[in-house]
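Here are some short exercises to work through with the model open in your viewer. Try each task before you read its solution.

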Amino acid sequence: MPNIKIFSGSSHQDLSQKIADRLGLELGKVVTKKFSNQETCVEIGESVRGEDVYIVQSGCGEINDNLMELLIMINACKIASASRVTAVIPCFPYARQDKKDKSRAPISAKLVANMLSVAGHR
């Protein structure tokens, strides 16, 4: 499968590896670390120029950290001139908040979807 790269976020590396194995591909190199103030830093370790990139990251566990990591990975790939970036999200974060149940209540799932969309624009 030419022009495809699969990267794993830190939420489910085993699932990402199984997907890559099934497709006969190797996982892309990515380094994720935390600064002392708990900011997330992501470095894509290989060229993604002109590639179709798939990032596997779930919205379970440390939801906010995983979401921020995914947003940074999407943005990093787009800045690095990836042709297309697709987020594979087995468990969508904030999915329980997909509609207003009270006045003045946010629709957090829509906010997350908008953030993912904006992260992929250059």
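## Exercise 1: A strand residue and its surroundings

Keep in mind that this is a predicted model. Task: list what Val53 touches, leaving out residues up to four places away in sequence.

Solution. Start on the side of lower numbering, where Val53 touches Lys5, Phe7 and Val48. Then move up the chain: Cys77, Ala82, Arg84, Val85 and Thr86 complete the list.

Next, place Val53 in a wider setting. Val53 is among the residues with the most contacts inside the largest nonpolar core, as are Phe7, Val48, Ile55, Ile74, Cys77 and Leu116. This core has 15 residues. The elements that give two or more residues to it are β4 (52-56), α2 (63-79) and α3 (108-119). Helix α2 supplies the largest share, 6 residues. As a general background, nonpolar side chains in soluble globular proteins tend to be buried together.

## Exercise 2: Laying out the sheet

Task: work out in which order the 3 strands of the open sheet are arranged, and whether their pairing is parallel or antiparallel.

Solution. Step one is the order, which reads β1-β4-β5, and the pairing is parallel. Step two is to find the edges: β1 (4-8) and β5 (84-88) each pair on one side only. Step three is the geometry, where neighbouring strands are turned by 20° against each other on average, ignoring direction.

Now check each pairing in turn. Between β1 and β4 there are 5 bridges, and Ile4 stands opposite Asp52 in β4. The parallel pairing of β4 with β5 also has 5 bridges, and here Val56 has Val88 in β5 as its bridge partner.

Finally, add the helices. Together, β4, α2 and β5 form a β-α-β unit that is right-handed. Helix α1 (residues 13-23) lies across β1 and β4, and it runs at about 160° to β1.

## Exercise 3: A pair of serines

Task: decide whether Ser8 is buried or exposed, and do the same for Ser16. Then find what joins their side chains.

Solution. First locate them: Ser8 belongs to strand β1, while Ser16 sits in helix α1. Next apply the cut-off, since buried means under 20% relative accessible area. Ser8 is buried because its relative accessibility is 8%. Ser16 has a relative accessible area of 0%, so Ser16 is buried too.

The link between the two side chains is a polar contact of 2.9 Å. Beyond four places in sequence, Ser16 is in contact with Ser8, Leu27 and Val56. On the same terms, Ser8 touches Gln13, Ser16, Leu27, Val30, Val56 and Met73.

## Exercise 4: A loop residue beside the serines

Task: Leu27 appeared among the contacts of Ser8. Classify its exposure and find its other contacts.

Solution. Begin with location: Leu27 is in the loop between α1 and β2 (30-34). Its relative accessibility is 22%, so Leu27 counts as partly exposed.

For the contacts, set aside neighbours within four places in sequence. Leu27 is then in contact with Ile6, Ser8, Gln13, Ser16, Gln17 and Ala20.

As a last step, try a distance in your viewer. Leu27 and Tyr54 are 27 residues apart in sequence, and their C-alpha atoms are 10.0 Å apart in space.

How values were computed: Residues are numbered from 1 along each chain as its sequence is written. This is a predicted model: local features need pLDDT of at least 70, side-chain atom pairs count only at pLDDT 80 or more; totals for chains, interfaces and linings use all residues. Side-chain values use heavy atoms; hydrogens and water are left out. A nonpolar core is a set of buried Ala, Val, Leu, Ile, Met, Phe, Trp, Tyr and Cys residues joined through side-chain atoms within 4.5 Å. Buried means under 20% relative accessible area, exposed over 50%, partly exposed in between (1.4 Å probe, protein chains only). Helices (H or I, at least four residues) and strands (E, at least two) are DSSP runs, numbered from the N terminus. Contact means heavy atoms within 4.5 Å. Two strands pair if DSSP finds at least two bridges between them. Axes are lines fitted to C-alpha atoms, for helices over the stretch in contact, and angles run from 0 to 180 degrees between N-to-C directions. A polar contact is a pair of N or O atoms within 3.5 Å; within protein, one must be able to donate a hydrogen and the other to accept it, and residues adjacent in sequence count only if both atoms are side-chain atoms. A crossover is right-handed if, with the strands pointing away from the viewer, the path from the first strand over the helix to the second runs clockwise.
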